[in-house]
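Here is a set of exercises to work through with the model open beside you. Try each task first, then compare your steps with the solution.

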Amino acid sequence: MIPSLRRRRSTPTRFTATSAVALTVVILSACSLNNTDTTGGDNTSPAAQTRPACTSSESFSQPLATLTPATDPRVGQGPCTTRLPERGSVAAVSPGTQTLPTTVTSHDPTGGVDVTVTDTSRIVAFDISGSIGQTIFALGYGKNLVGRDVATSFPDTSDIPIVTGSSHSINIESVIALDPSLVITDGSIGPLDVVLQLRDAGIPLVFVDSTPSITGSVEKAQQVALALGDPEAGEELSTKLNADINQVISDIQALAPQNPEDRVRIAFLYVRGSASVYYLFGQGSGADDLIRALNGVDVASEIGWVGEKPMTDEALIEANPDLLLLMTKGLDSVGGPEGLTKTLQSTALTNAGKNLNIIDMTDSQIMTFGPRTAEVLDALARAIYSRDAATE
């Protein structure tokens with residue numbers, strides 16, 4: 001039987017590779033998602049440096065469940081930038097028993113294609129968030145990665161060539177020059193017809209059917225492992241990730257307000273001020289999963305906002321979030337928190353804008369949904385619910 005990489009869906013279809021490409025074209029025609037973020041997560045742009053840090057390396061030494069909750073997280077304590085603990089790489093499991101050749105179903109945006117993988121010694125991986133490259137490292141195959149996207153960025157990847165351009169489009173010549181034995185992607189970086197040229201060149205090309213969600217980060221471990229011919233490592237990693245995520249969610253529930261009426265109302269905004277790109281992420285975008293895991297109220301879903309599409313003043317004012325979540329470079333592009341409320345005047349009319357309750361996180365982390373998902377939730381929860389214990 002040919003193993004399938006299709007994720008099991010217990011909910012309606014959400015974010016597909018095709019919709020990912022469509023959104024990528026809109027956003028990245030303006031500017032790059034992670035244009036110069038090669039530090040592994042520490043954004044050092046001038047605008048970011050004017051904001052206090054929500055978290056410090058010392059703060060993570062205290063377990064999330066033992067923190068003292070803020071009196072009213074809906075009001076917050078002003079803007080801050082959240083960062084993950086610095087690591088040289090992602091935590092990895094030991095590779096299992098690899099069986100090659102293996103034939104898997106590649107879930108191309110245009111339909112399933114059977115692909116036979118005979119060699120994983122030279123892997124190129126790329127997706128818009130860097131989650132596939134991170135997963136390969138977490139599965140114990142990082143030494144086999146010879147090409148990466150710009151978002152797969154932590155110290156252990158610094159010597160691995162980048163095959164995506166500043167606009168998150170694929171550089172086909174740079175991929176072929178690396179002589180890969182396997183390419184893994186998810187359709188979020190294109191153009192698609194260019195990516196498919198790799199298969200025409202005789203390179204095994206596998207698309208994983210990856211949905212940006214909490215459960216998707218767990219299932220991605222199994223999907224990528226199947227393409228590597230090592231389902232055993234995939235099961236081990238997915239079990240570990242699932243346990244870590246569930247533990248963090250449980251700790252967040254204990255830390256967050258117990259009265260449902262006191263839950264923080266949260267909106268996720270994607271902004272690129274230099275190109276006047278302002279998106280509100282709603283149901284099925286992945287931001288809804290993130291907010292629910294943080295025990296917040298996803299106000300975009302509450303007003304019926306589906307997917308990721310240009311924000312309207314009316315929608316944001318109607319949603320009236322207590323807290324805004326943004327990517328760091330997006331917030332910097334509008335001049336920081338104060339610039340956001342001036343550029344998007346509707347934000348100033350929300351509770352979040354009035355209190356400047358605005359939290360940002362590095363672009364390559366906040367919506368990655370990869371092996372560090374539990375850490376992302378932990379860091380954001382500290383920023384939202386117990387910043388006194390987390391701030392430097």
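Where does Leu356 lie? Leu356 is in the loop between α14 (351–355) and β13. Helices (H or I, at least four residues) and strands (E, at least two) are DSSP runs, numbered from the N terminus. The backbone of Leu356 has a positive phi of about 50°, although Leu356 is not a glycine.

A word on the ground rules: this is a predicted model, in which local features need pLDDT of at least 70, side-chain atom pairs count only at pLDDT 80 or more, and totals for chains, interfaces and linings use all residues. Residues are numbered from 1 along each chain as its sequence is written, and side-chain values use heavy atoms, with hydrogens and water left out.

**Exercise 1. Take stock of the protein chain.**

Start with the elements: the protein chain has 16 helices and 13 strands. Next, look at burial, where buried means under 20% relative accessible area, exposed over 50%, and partly exposed in between (1.4 Å probe, protein chains only). Of the 392 residues of the protein chain, 59% count as buried. Finally, turn to contacts, meaning heavy atoms within 4.5 Å. Among contacts in the protein chain with a separation of 6 or more, 74% come from residues 24 or more positions apart.

**Exercise 2. Work out the order of the four-strand open sheet, and find its edges.**

Recall that strands of a sheet pair through backbone hydrogen bonds, either parallel or antiparallel. Two strands count as paired if DSSP finds at least two bridges between them. Reading across the open sheet gives β5-β4-β6-β7, with parallel pairing. The edges are β5 (145–147) and β7 (205–207); each has a single partner strand, so one side of each is left without a neighbour in the sheet. On average, neighbouring strands of this sheet are turned by 30° against each other, direction ignored. For one pairing in detail, take β4 (residues 123–126), which runs parallel to β5 and is joined to β5 by two bridges. There, Val124 has Gly147 in β5 as its bridge partner.

**Exercise 3. Place helix α3 relative to that sheet, and decide how enclosed the helix is.**

Helix α3 (residues 131–138) packs on the sheet and touches β4, β5 and β6 (182–185). The direction of α3 makes about 135° with that of β4 (axes are lines fitted to C-alpha atoms, for helices over the stretch in contact, and angles run from 0 to 180 degrees between N-to-C directions). Now check burial: eight of the eight residues of α3 are buried, so the helix is largely enclosed by the rest of the structure. The cover over these residues includes β4, β5, β6, α6, α7 and α15 (363–366). Just after α3, Gly140 takes a positive phi of about 90°.

**Exercise 4. Describe how α6 packs against α7.**

Two packed helices are described by the angle between their axes and the distance between the axes. The axes of α6 (residues 214–227) and α7 (residues 231–255) come within 7 Å and cross at roughly 165°. That makes α6 roughly antiparallel to α7 (angles under 35 degrees count as roughly parallel, over 145 as roughly antiparallel, 65 to 115 as roughly perpendicular and the rest as oblique). Among the residues that meet are Ile214, Val218 and Ala221 in α6, and Leu237, Leu241 and Ile245 in α7. The contact residues divide into nine nonpolar, five polar and one charged. Here Ala, Val, Leu, Ile, Met, Phe, Trp, Tyr, Cys and Pro count as nonpolar, Asp, Glu, Lys and Arg as charged, and the others, Gly among them, as polar.

**Exercise 5. Trace the surroundings of strand β12.**

Five of the five residues of β12 (residues 323–327) are buried, so the strand is largely enclosed by the rest of the structure. Both faces are covered, with Leu323, Leu325 and Met327 on one side and Leu324 and Leu326 on the other. Strand β8 (residues 265–272) runs parallel to β12, and four bridges join them; Phe268 stands opposite Leu325. β12 also pairs with β13 (residues 358–361) in the parallel sense over four bridges, where Leu326 stands opposite Asp360.

**Exercise 6. Which residues does the cis peptide bond with omega near 0° join?**

The bond runs from Gly190 to Pro191. Pro191 is placed in the loop between β6 and α5 (192–200). Another cis peptide bond joins Leu100 and Pro101, with omega about 0°.
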